[in-house]
Amino acid sequence: MQKYVCVVCGYVYDPELGDPDNGVAEGTPWENVPEDWLCPLCGVGKDQFEPEK
């Protein structure tokens with residue numbers, strides 16, 4: 001599954017790990033992460049993420 005990187009702080013969202021501390025279960029693809037989810041490190045929205053190269 002595709003990982004996504006926060007362009008502000010460099011946090012990597014890994015779908016295999018999810019973000020259980022913030023309500024996103026393991027195995028959740030990026031497309032299914034809620035639109036109101038925020039980067040756990042810097043607090044920006046999903047629109048500040050891009051696919052990892």
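In this predicted model, the backbone oxygen of Ala25 sits 2.6 Å from a polar atom in the side chain of Thr28. Thr28 itself belongs to the loop that runs between strand 2 and strand 3. With a relative accessibility of 15%, Thr28 falls under the 20% cut-off and so counts as buried. Setting aside residues up to four places away in sequence, Thr28 touches Tyr13, Pro15 and Val33.

One of those contacts of Thr28, Tyr13, leads straight to the sheet, since Tyr13 of strand 2 is the bridge partner of Tyr4. Strand 1, residues 4-6, and strand 2 run antiparallel to one another and are joined by two bridges. Taken as a whole, the sheet is open and has three strands in the order 2-1-3, with antiparallel pairing. Strand 2 (12-13) and strand 3 (49-51) are the edge strands; each has a single partner strand, so one side of each goes without a neighbour in the sheet.

Next comes the cysteine site. The UniProt record, an unreviewed entry, puts a "binding site" feature at Cys6, Cys9, Cys39 and Cys42. These positions span 37 residues in sequence, but no two of their C-alpha atoms are more than 8.9 Å apart, so they gather at one spot.

Two of these cysteines, Cys6 and Cys42, can be looked at in turn. Cys6 is part of strand 1, and its relative accessibility is just 2%, so it counts as buried. Once neighbours within four places in sequence are left out, Cys6 is in contact with Tyr11, Cys39, Cys42, Val44, Gln48 and Phe49. That list includes Cys39 and Cys42, both of which appear in the UniProt feature as well. Phe49, another contact of Cys6, falls in the range given for strand 3 (49-51).

Cys42, for its part, is located in the loop between strand 2 and strand 3, the loop that also holds Thr28. Here the relative accessibility is 33%; that value lies between the 20% and 50% cut-offs, so Cys42 counts as partly exposed. Not counting residues up to four places away in sequence, Cys42 touches Cys6, Val8 and Cys9. Cys6 and Cys9 from that set are also positions of the annotated site. The contact between Cys6 and Cys42 thus links a residue of strand 1 with one from the loop between strand 2 and strand 3, and the pair is made up of a buried cysteine and a partly exposed one.

How values were computed: Residues are numbered from 1 along each chain as its sequence is written. This is a predicted model: local features need pLDDT of at least 70, side-chain atom pairs count only at pLDDT 80 or more; totals for chains, interfaces and linings use all residues. Side-chain values use heavy atoms; hydrogens and water are left out. Two strands pair if DSSP finds at least two bridges between them. Helices (H or I, at least four residues) and strands (E, at least two) are DSSP runs, numbered from the N terminus. UniProt positions are given in the numbering used here, feature names are shortened, and annotations may be inferred rather than shown by experiment. Buried means under 20% relative accessible area, exposed over 50%, partly exposed in between (1.4 Å probe, protein chains only). Contact means heavy atoms within 4.5 Å. A polar contact is a pair of N or O atoms within 3.5 Å; within protein, one must be able to donate a hydrogen and the other to accept it, and residues adjacent in sequence count only if both atoms are side-chain atoms.
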